[in-house]
Amino acid sequence: MGDVRLSLLSRRKPAPLEIRLAGEADRHSISHLLSDARWKHQHLDWIDTLGLLGQQPFLTAFEQGRMVGTMAFPPDPPDVAWLRVFAVARGHSPATVWESLWPEALVRVSQAGVKRLAVLDVGGWLRPILEGSGFAPTTAVTFLEWNDSRLPEALAGLEGLRKLTFDDLPALAVLDGRAFGSIWRHSQEVLGLALRQASLASVVERDGQPVAYQLSTASAYGAHLARLAVDPSWQDRGIGTNLVVHVLGHFARQGFTRVTLNTQADNERGLSLYKRLGFSETGQRYPVFEEEVL
Ligand SMILES: CC(C)(COP(=O)(O)OP(=O)(O)OC[C@H]1O[C@@H](n2cnc3c(N)ncnc32)[C@H](O)[C@@H]1OP(=O)(O)O)[C@@H](O)C(=O)NCCC(=O)NCCS
């Protein structure tokens, strides 16, 4: 007969994790968790993880005083929340930590008025967890690159092109909301973050009003067209084409031989435009999962 006390102990269910809202005081623990995590999802675009502190729901899970998980679903725009961060400490199961954090996150996004949740499944390991929580795949993000030394031709002249400034952001947030569908819209705040990181940012005006814009970045990794939108009432007039030709010309003059971008795999208009201008899909794709909040 073995040690009854030990076998009972080993069969005991682990204590439930303690869930808390993240705050400024957690900055160091979250940094540590992110740098050490075995399972880590970070989909940040222009956002910085610790810059999300103060926005809710940003939740943390503790076991015996030690942070073992974190999850951030900050609404932006107000009716949509993307999973920006989900990280799990070594030695813990992502499914178990998710099950502890997810119900609290769901209640909080619902109370905040969020109607739709979205997750970009970059690593693949989140899929079973997401499906078990009611998420379904809706589309994918596909990556494209241009590495053609010949610049494509512009269509009729690109009048009204000028530098994008911070004063444009309120109007561009409205334009962005009109051009992009539900989960893809960006708020003025996120567009502001994008502008701070842009190396080329341009607006096209008609009658003194912005009708299209683009934001691009450049780094040691190459040039990247991060955002392009034309107001629906100004589409099909060559403005999108000419903005992309303008971006390619700018980066080619700076010596870049490769420009990348990504878009929704079901964005036929965008894909058609990019392929016509010499971009091709790289084959890299990440599925997008969505769930309606009731
Ligand atoms: C995708 C998007 C940027 C295209 O902008 P647009 O200004 O309508 O694009 P264009 O007018 O340059 O091109 C649209 C079509 O009109 C045609 N066209 C427009 N003006 C033309 C002209 N003067 N001569 C010949 N063809 C012309 C283009 O050839 C193109 O045809 P295609 O669909 O076969 O490629 C725009 O639809 C949009 O903002 N969509 C929502 C946001 C989005 O999807 N952004 C990009 C992906 S992240």
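This passage walks through the ligand site, two helix pairs and a few unusual backbone spots.

The model is a predicted one, with local features requiring pLDDT of at least 70, side-chain atom pairs counted only at pLDDT 80 or more, and totals for chains, interfaces and linings using all residues. Residues are numbered from 1 along each chain as its sequence is written, and side-chain values use heavy atoms, with hydrogens and water left out.

The ligand is a good place to start. There are 21 residues around the ligand, and Val230, Gly238, Gly240, Thr241 and Asn267 come nearest (a residue counts as near if one of its heavy atoms lies within 4 Å). Sorted by class, this shell holds 9 nonpolar, 8 polar and 4 charged residues; here Ala, Val, Leu, Ile, Met, Phe, Trp, Tyr, Cys and Pro count as nonpolar, Asp, Glu, Lys and Arg as charged, and the others, Gly among them, as polar. Strand β12 (222-230) and helices α7 (239-253) and α8 (268-276) each put at least two residues into the shell, and α8 gives the most, with 6 residues. These elements are DSSP runs numbered from the N terminus, with helices (H or I) of at least four residues and strands (E) of at least two.

Polar contacts (pairs of N or O atoms within 3.5 Å; within protein, one must be able to donate a hydrogen and the other to accept it, and residues adjacent in sequence count only if both atoms are side-chain atoms) also reach the ligand. A polar side-chain atom of Thr241 sits 2.4 Å from a ligand oxygen, while Arg269 places a polar side-chain atom 3.1 Å from an oxygen of the ligand. Val230 uses its backbone instead, with an N or O atom 2.8 Å from a ligand oxygen. On its own the ligand has 930 Å² of accessible area, and the protein covers 74% of that (Shrake-Rupley method, 1.4 Å probe; for residues, only the protein chains shown count as cover).

Now for the helix pairs. The axes of α7 and α8 come within 10 Å and cross at roughly 45 degrees; axes are lines fitted to C-alpha atoms, for helices over the stretch in contact, and angles run from 0 to 180 degrees between N-to-C directions. The two helices are therefore oblique to each other (under 35 degrees is roughly parallel, over 145 roughly antiparallel, 65 to 115 roughly perpendicular, and the rest oblique). Their crossing is right-handed, meaning that the near helix is turned clockwise from the far one, by less than a right angle; anticlockwise would be left-handed. Helices α5 (residues 169-179) and α6 (residues 188-197) pack at about 115 degrees with axes 9 Å apart, and are therefore roughly perpendicular.

The backbone has some oddities too. Most peptide bonds are trans, but Gln56 and Pro57 are joined by a cis one, with omega about 0 degrees. Pro57 falls in the loop between β2 (39-42) and β3 (58-63).
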